[in-house]
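I opened the model to look up a few local features and wrote down each one as I went. The entries follow in the order of looking.

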Amino acid sequence: MKYYLALLFSFSLGLLFAQENKNFIQFVNPFVGTQNMGHTFPGATRPFGMVQLSPETDTQSYALNGKYNPDVYAYCSGYQYKDSTIVGFSHTHFSGTGHSDLGDFLIMPTVGNLQLNPGTADAPETGYRSRFSHKNEVAEPDYYQVYLTDYKINAELTSSIRVGFHRYTFPKTDSANIILDLMSGIYNFDEKNVWTFVRVENDTLITGYRQTQGWARTRTVYFALSFSKPIKSYGHKKYDQQIYKGFWRKFDETKNFPEMAGRQIRTYFQFATEENEQILLKFALSSTSTEGALKNLKGEIPGWDFDKTKKEGQAIWNKELSKIDVQTLNLEDKETFYTALYHSFLSPIEYMDIDGAYKGLDGNIHYANDFTNYTIFSLWDTFRALHPLFNLIQPKRNKDMMESLLAHFDQSVHPMLPVWSHYSNENWCMIGYHSVSLLADAMTKKVLNPNSYRKALDASVKSANIDYYDGLGFYKKLGFVPDDKNPYSVSKTLEYAYDDWCISEMAKQIYDTAIAQEFSRRALSYQNVFHANQNSMAPKLENGNWRKDFDKLSTHGQGFIEGNAWNYSLYVPHHPGKLVELMDGKKAFEHHLDSLFTQHLADHYFENTEDITRDGIIGLYVHGNEPSHHIPFLYNWTSAPWKTQARVRMIMKTMYANTKDGLCGNDDAGQMSAWYVFNALGFYPVAPGSANYSIGSPLVVSALLHFENGKKLQIKVQNQSDKNVYIQSITLNNKKINRLYLTHSELIAGGLLEFKMGKKPNKEFGFLSN
């Protein structure tokens with residue numbers, strides 16, 4: 001008996017050891033989404049890291065001749081795979097967004113004649129940029145390498161949370177230059193830089209800051225830069241003309257003067273190198289001060305072991321990716337899954353020094369004493385699937401993210417929860433007040449700190465009553481946003497109604513009946529913009545009349561934001577059953593969904609909407625943008641739920657791939673990727689704020705989810721194949737599930753979830769649920 005117990009113990013330890021030593025990062029391809037619309041970056045970063053150290057491949061300006069330059073849109077992350085030159089490596093990037101900022105502190109190593117202009121893609125020799133080849137380029141989690149052809153320099157990048165670590169291997173030269181371009185930036189324009197300041201503290205340490213005004217109106221980032229060898233000489237060039245120069249004019253500030261300041265400056269540091277000599281740089285960021293940046297530098301990477309930092313970073317990535325251990329039919333699906341999981345773990349980012357200090361929305365220094373403070377909340381996108389994914393497999397982080405939302409509210413002058421926030425700024429992008437969705441989902445799933453329930457509800461109620469915010473006063477008064485008073489009126493009405501439902505759900509959980517009733521009533525406001533004759537949501541005027549010149553197919557100027565009436569009319573995620581009734585019942589609604597997926601949308605209907613392209617469209621259905629992401633699951637509220645199963649499998653196969661153009665639209669801070677992760681597992685949160693996940697059709701053969709509560713959920717899929725997309729049966733812990741949803745509590749309790757698949761629909765499955 002002891003022998004068998006010992007054997008069992010040894011076997012269990014072996015499984016645990018095998019799990020810990022599996023190499024998940026080999027299945028991640030950071031180049032996915034770097035071509036066309038994905039807007040991802042291939043550079044080095046830690047999970048949710050403050051530093052995203054990545055190459056820039058061009059210098060497109062936000063404006064040309066005083067007008068918006070549409071070419072800049074392709075460079076929201078700074079990198080496009082089609083390009084053949086690298087301008088340099090900057091330390092801050094968004095992942096997958098459809099608007100942009102950042103690109104701070106661009107570093108570029110060169111040799112030979114010093115050039116401080118970046119040059120052009122067509123003539124890189126006219127500036128400091130360099131040609132490169134994808135044959136000499138590597139991207140892995142927390143590691144990037146490229147050979148700079150024009151300078152014969154091998155560039156390698158890795159990072160910690162707050163520090164970018166560079167390693168440059170030079171040829172033999174007495175003119176090795178490292179340029180720090182403080183003018184460079186993403187979505188750049190002449191007036192974006194407010195001020196830059198640099199101090200040469202000694203022959204290896206540089207400190208400073210840059211203040212910009214762009215998408216974030218008042219953003220200041222501090223830095224500390226440390227070199228592995230002493231600087232031979234240094235200097236800078238100033239590109240702005242200042243009338244007042246004070247008494248600084250007595251100095252030659254351009255060379256070897258230890259203070260550099262101006263609105264537009266580029267600096268350089270010069271060295272002599274032997275053949276294959278390596279110069280290393282550590283570049284730390286802070287939102288508070290150069291002192292904070294120095295603390296981050298010394299605290300996170302005290303030494304100069306680049307390979308150790310890379311190894312540590314990749315081990316951390318491996319641990320995060322191991323939260324879901326999947327087996328798939330083929331390598332392509334596995335790489336697509338883990339790349340999606342990787343992209344889901346890039347933001348929000350940690351936004352505080354190692355001592356907890358951070359700059360708040362009010363411009364003051366605050367301390368996150370009992371939580372980790374985060375920023376980059378792309379909430380119009382990420383409330384749908386990304387944060388629900390965190391509630392499932394990253395609840396501790398998401399709990400801290402919720403505290404970050406509440407800290408933002410405390411620092412807001414309005415006061416209001418975040419709409420779209422980054423770097424101590426509210427940028428007001430997009431619509432809705434979707435922080436309430438995050439808070440409601442975290443509360444429903446017992447992730448939010450119970451001590452914060454009342455505060456979260458009060459902050460949500462106040463945010464939903466700011467009359468001057470985006471038509472909200474009209475919405476409260478009329479029950480809809482009038483199209484003649486506010487743009488995107490129908491989308492706003494629909495999204496406000498959903499957010500109000502979230503508030504009502506929060507109120508129910510703490511037994512606040514008055515608030516629950518008030519916001520349950522407001523949650524019905526979608527009915528006020530439903531045009532029965534059109535069988536569609538439609539724009540309505542302040543006087544109550546419907547707008548006459550209304551095109552249901554167009555995505556421009558019809559009352560909808562980044563979508564059309566065909567897609568947005570289905571945005572009632574909190575009351576899908578009532579939506580079915582509005583649209584003439586289950587059979588008619590099923591036919592409507594069929595038409596959505598099978599009709600053709602001509603290009604001219606979306607030619608004025610840069611966030612929608614042909615790549616992300618199936619029929620009239622737009623998967624390349626967020627408002628449609630729940631639509632395939634609406635068949636679950638009809639008499640043909642098996643059509644959901646067919647649709648989601650088709651979407652996963654046609655809209656995602658493990659290639660550089662493997663995203664059909666902007667990844668939008670991880671939302672597009674989180675959709676894939678959920679659906680590969682077989683379920684999806686149609687209405688965040690609800691504890692239910694709607695059942696789809698799993699793509700994996702098996703999956704093992706490791707939850708933070710110590711439980712594990714094993715998902716097994718019998719008869720899995722590309723043709724067997726229809727669910728025949730589901731059991732959870734050997735108990736038959738004959739409904740079209742799973743609950744959060746069921747999943748995190750762990751156990752065995754089994755799907756049995758087939759080529760033909762089981763038309764009896766799921767009919768006890770709706």
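Strands (E, at least two residues) and helices (H or I, at least four) are DSSP runs, numbered from the N terminus. With that numbering I placed Asp142 in the loop between strand E8 (137-140) and strand E9 (143-148).

**Entry 1. Confidence.** I noted that this is a predicted model. The mean pLDDT of the protein chain is 95, with 97% of its residues at 70 or more. I then looked at residues 1-19, where the pLDDT is below 50. That stretch has four contacts in the model beyond near neighbours in sequence.

**Entry 2. Positive phi.** I went back to Asp142, which is not a glycine and yet has a positive phi of about 60°. Is Asp142 buried or exposed? Asp142 is buried, its relative accessible area being 0%.
Tyr187 gave me another positive phi in a residue other than glycine, near 55°. I found Tyr187 in the loop between strand E12 (173-181) and strand E13 (193-200). Tyr187 has 4% relative accessibility and so counts as buried, because the cut-off for buried is under 20%.

**Entry 3. Cis peptide bonds.** I looked up the bond that joins Ser347 and Pro348 and found it cis, with omega about 0°. Pro348 is in the loop between H4 and strand E21 (349-350).
I also recorded a cis peptide bond between His414 and Pro415, where omega is about -15°. Pro415 sits in the loop between H7 and strand E26 (420-422).

**Entry 4. Asp333.** Staying with H4, I checked Asp333, which is in this helix (residues 331-344). Asp333 counts as buried, at 5% relative accessibility. Which residues does Asp333 touch, not counting residues up to four places away in sequence? I listed Thr328, Lys653, Tyr676 and Leu699.

**Entry 5. Two lysines.** I took Lys399 in helix H7 (residues 395-411). Lys399 counts as partly exposed, at 33% relative accessibility. Leaving out residues up to four places away in sequence, Lys399 touches Val447 and Asn449. I also took the C-alpha to C-alpha distance from Lys399 to Gly758, which is 39 Å, with their places 359 residues apart in sequence.
Next I took Lys282, in strand E19 (residues 277-286). Lys282 counts as buried, with 4% relative accessibility. Its C-alpha is 5.2 Å from that of Ser226, though the two residues are 56 apart in sequence. Ser226 is also one of the contacts of Lys282, once neighbours within four places in sequence are left aside. Beside Ser226, I wrote down Ala224 and Leu225. The list for Lys282 further holds Val163, Gly164 and Phe165. It is completed by Leu297, Ile301, Pro302, Gly303 and Trp304.

**Entry 6. H8 against H11.** I looked at helix H8 (residues 435-444) and helix H11 (residues 489-509), whose axes come within 9 Å and cross at roughly 35°. The crossing of H8 past H11 is left-handed. Which residues make the contact? From H8 I noted Val436, Ser437, Leu439, Ala440, Met443 and Thr444. From H11 I noted Tyr498, Asp499, Cys502, Ile503, Met506 and Gln509. I sorted the residues of this contact into eight nonpolar, three polar and one charged.

**Entry 7. Cysteines.** Cys502 of that contact led me to look for disulfides. How many disulfides does the structure hold? I found zero. A disulfide is a covalent bond between the sulfur atoms of two cysteines. Why is Cys502 not in one? The cysteine sulfur closest to that of Cys502 is in Cys429, 20 Å away, which is too far for a bond. The cut-off for a disulfide is 2.5 Å between the sulfur atoms. Cys502 is buried, with 0% relative accessible area.
I asked the same of Cys76. Its sulfur is 10 Å from the closest cysteine sulfur, in Cys429, and this is too far for a bond. Cys76 counts as buried, at 1% relative accessibility.

Notes: Residues are numbered from 1 along each chain as its sequence is written. This is a predicted model: local features need pLDDT of at least 70, side-chain atom pairs count only at pLDDT 80 or more; totals for chains, interfaces and linings use all residues. Side-chain values use heavy atoms; hydrogens and water are left out. Axes are lines fitted to C-alpha atoms, for helices over the stretch in contact, and angles run from 0 to 180 degrees between N-to-C directions. A crossing is left-handed if the near helix is turned anticlockwise from the far one by less than a right angle, and right-handed if clockwise. Contact means heavy atoms within 4.5 Å. Ala, Val, Leu, Ile, Met, Phe, Trp, Tyr, Cys and Pro count as nonpolar, Asp, Glu, Lys and Arg as charged, and the others, Gly among them, as polar. pLDDT is the predictor's confidence in each residue, from 0 to 100. Buried means under 20% relative accessible area, exposed over 50%, partly exposed in between (1.4 Å probe, protein chains only).
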